[in-house]
Amino acid sequence: MMSLPIFYPLLDSVEGVELAARLGVRFAQLRIKSGGHETIRDNIRQSLAIAREANMMLVINDHWQLAIEEGADWVHLGQEDLIQADVNALRRAGISLGISTHSQEELERALLLNPDYIALGPIYPTQTKSLTWSAQGLGRISEWKAQLGQIPLCVIGGITLERSSAVLASGADIIAVVSDVSLHPDPSERIREWLSCYC
Ligand SMILES: Cc1ncc(COP(=O)(O)OP(=O)(O)O)c(N)n1
Ligand SMILES: Cc1nc(C(=O)O)sc1CCOP(=O)(O)O
Ligand SMILES: [Mg+2]
């Protein structure tokens, strides 16, 4: 398994991707939750072009068919997405895959697909997404890590730079972040702070 960067911001626009690429982020996700099919395609296409130019790995959330059509290298899918996604088609296209999990059952389902990372969340309470799952806590990170073998463990949900050492010490390999960057008064400065800790 390849070693992936620790800092993994989730971005909701081409502008966000552009900013991350310019500041030197090496691994990011495009997570767009609104807009028509062609607008989303256009955003994916532009974001992939920016990421390629900057040598930044860009993961496309949810839109796996568009990701194949637009030549993406990475896709992230949740459990609901997996119901209709064609994982074999993703693999035939050479696309690496990240999968969300929140319970032991979901973890076992994800492991059957031999993903390139597994995400566990929410570690802490999050305001970004309404979830039926309550906060997992740090103990769950070590439990997941022990079951993952070589597969990198990504953690998500309520994680801030101040909380990052604790999640890494518990066994996380990758830290996915939304609001710690997007709601910061100065997102560029916050990205720089993350990169100065985890280049
Ligand atoms: C790194 C990472 N972890 C979890 C998620 C959540 O995926 P999903 O459960 O499909 O929910 P949405 O993001 O699609 O709302 C993620 N996107 N990235
Ligand atoms: C998109 C998402 N998925 C989660 C999961 O647990 O699967 S938590 C989450 C939101 C993460 O945002 P923030 O860093 O602002 O808490
Ligand atoms: Mg999803």
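## The nonpolar core

The largest nonpolar core of this predicted model has 52 residues, and those that touch the most other members are Val-75, Cys-154, Val-155, Ile-175 and Ala-176. Ile-175 illustrates how such a core member is surrounded. Beyond its neighbours within four places in sequence, Ile-175 is in contact with Ile-6, Phe-7 and Tyr-8, with Val-155 and Ile-159, and with Ser-164 and Val-167. One of these partners, Val-155, is itself among the core residues that touch the most other members.

## Confidence and annotation

The predictor assigns the complex an ipTM of 0.99 and a pTM of 0.98. For the chain, the mean pLDDT is 97, and 99% of the residues reach 70 or more.

An unreviewed UniProt entry lists residues 13-181 under "domain: Thiamine phosphate synthase/TenI". This span is 46% helix and 18% strand, and the C-alpha atoms at its two ends lie 13 Å apart.

## Surroundings of the two ligands

Ligand 1 has 16 residues around it, of which Gly-78, Ser-100, Ala-119, Ile-156 and Ala-176 come nearest. The shell of ligand 1 comprises 5 nonpolar, 7 polar and 4 charged residues. Ala-176 also belongs to the group of core residues that touch the most other members.

Around ligand 2 there are likewise 16 residues, and the nearest are Gly-121, Thr-126, Thr-128, Val-178 and Ser-179. In this second shell, 6 residues are nonpolar, 8 are polar and 2 are charged.

## The loop between β6 and α7

Several features fall in the loop that joins β6 (117-120) to α7 (138-148), where Pro-122 is found. The peptide bond leading from Gly-121 to Pro-122 is cis, with omega near -15°. Gly-121 is also one of the residues that come nearest to ligand 2.

Thr-126, another of the residues nearest to ligand 2, is placed in the loop between β6 and α7 as well. Thr-126 counts as partly exposed because 18 other C-beta atoms lie within 10 Å, a number below the 20 needed for a buried residue. Apart from its neighbours within four places in sequence, Thr-126 is in contact with Gly-157 and Gly-158. The C-alpha atoms of Thr-126 and Ile-159 are separated by 8.5 Å, although these positions lie 33 residues apart in chain numbering.

## Helix α7 and buried Ile-141

Ile-141 lies in helix α7. With 22 C-beta neighbours inside 10 Å, Ile-141 is therefore counted as buried. Setting aside neighbours within four places in sequence, Ile-141 is in contact with Leu-120, Ile-123, Leu-153 and Val-155, and also with Val-167, Ser-170, Gly-171 and Ala-172.

The contact with Val-167 links positions 26 residues apart along the chain, and the C-alpha atoms of Ile-141 and Val-167 are separated by 7.5 Å. Val-167 is also in contact with Ile-175, and Val-155 appears in the contacts of Ile-141 as in those of Ile-175.

## Strand β3 and the loops beside it

Val-59 has its place in strand β3, which covers residues 57-61. Val-59 counts as buried because it has 25 C-beta neighbours inside 10 Å. Beyond its neighbours within four places in sequence, Val-59 is in contact with Gln-29, Trp-74, Val-75, His-76 and Gly-98. By contrast, Pro-125 is no such partner: its C-alpha atom is separated from that of Val-59 by 24 Å, at a distance of 66 residues along the chain.

The loop between α2 (37-54) and β3 holds Asn-55. Asn-55 has a positive phi of about 60° without being a glycine, and it counts as exposed because it has 9 C-beta neighbours inside 10 Å. Asp-62 is found in the loop between β3 and α3 (64-69). Asp-62 also has a positive phi, about 70°, and is not a glycine; with 19 C-beta neighbours inside 10 Å, Asp-62 is therefore counted as partly exposed.

## The loop between β7 and α8

Thr-160 is found in the loop between β7 (153-155) and α8 (161-169). Since Thr-160 has 16 C-beta neighbours inside 10 Å, it counts as partly exposed. The C-alpha atoms of Thr-160 and Asn-114 are separated by 29 Å, with the two residues 46 apart along the chain.

Notes: Residues are numbered from 1 along each chain as its sequence is written. Chains are lettered from A and ligands numbered from 1 in the order in which they are written. This is a predicted model: local features need pLDDT of at least 70, side-chain atom pairs count only at pLDDT 80 or more; totals for chains, interfaces and linings use all residues. A residue is near a molecule or strand if its C-beta atom, placed from the backbone, lies within 6 Å of it. Ala, Val, Leu, Ile, Met, Phe, Trp, Tyr, Cys and Pro count as nonpolar, Asp, Glu, Lys and Arg as charged, and the others, Gly among them, as polar. UniProt positions are given in the numbering used here, feature names are shortened, and annotations may be inferred rather than shown by experiment. Helices (H or I, at least four residues) and strands (E, at least two) are DSSP runs, numbered from the N terminus. A nonpolar core is a set of buried Ala, Val, Leu, Ile, Met, Phe, Trp, Tyr and Cys residues joined through C-beta atoms within 7 Å. A residue is buried if 20 or more other C-beta atoms lie within 10 Å of its own, exposed if 12 or fewer, and partly exposed in between; C-beta atoms are placed from the backbone. Two residues are in contact if their C-beta atoms, placed from the backbone, lie within 7 Å. pLDDT is the predictor's confidence in each residue, from 0 to 100.
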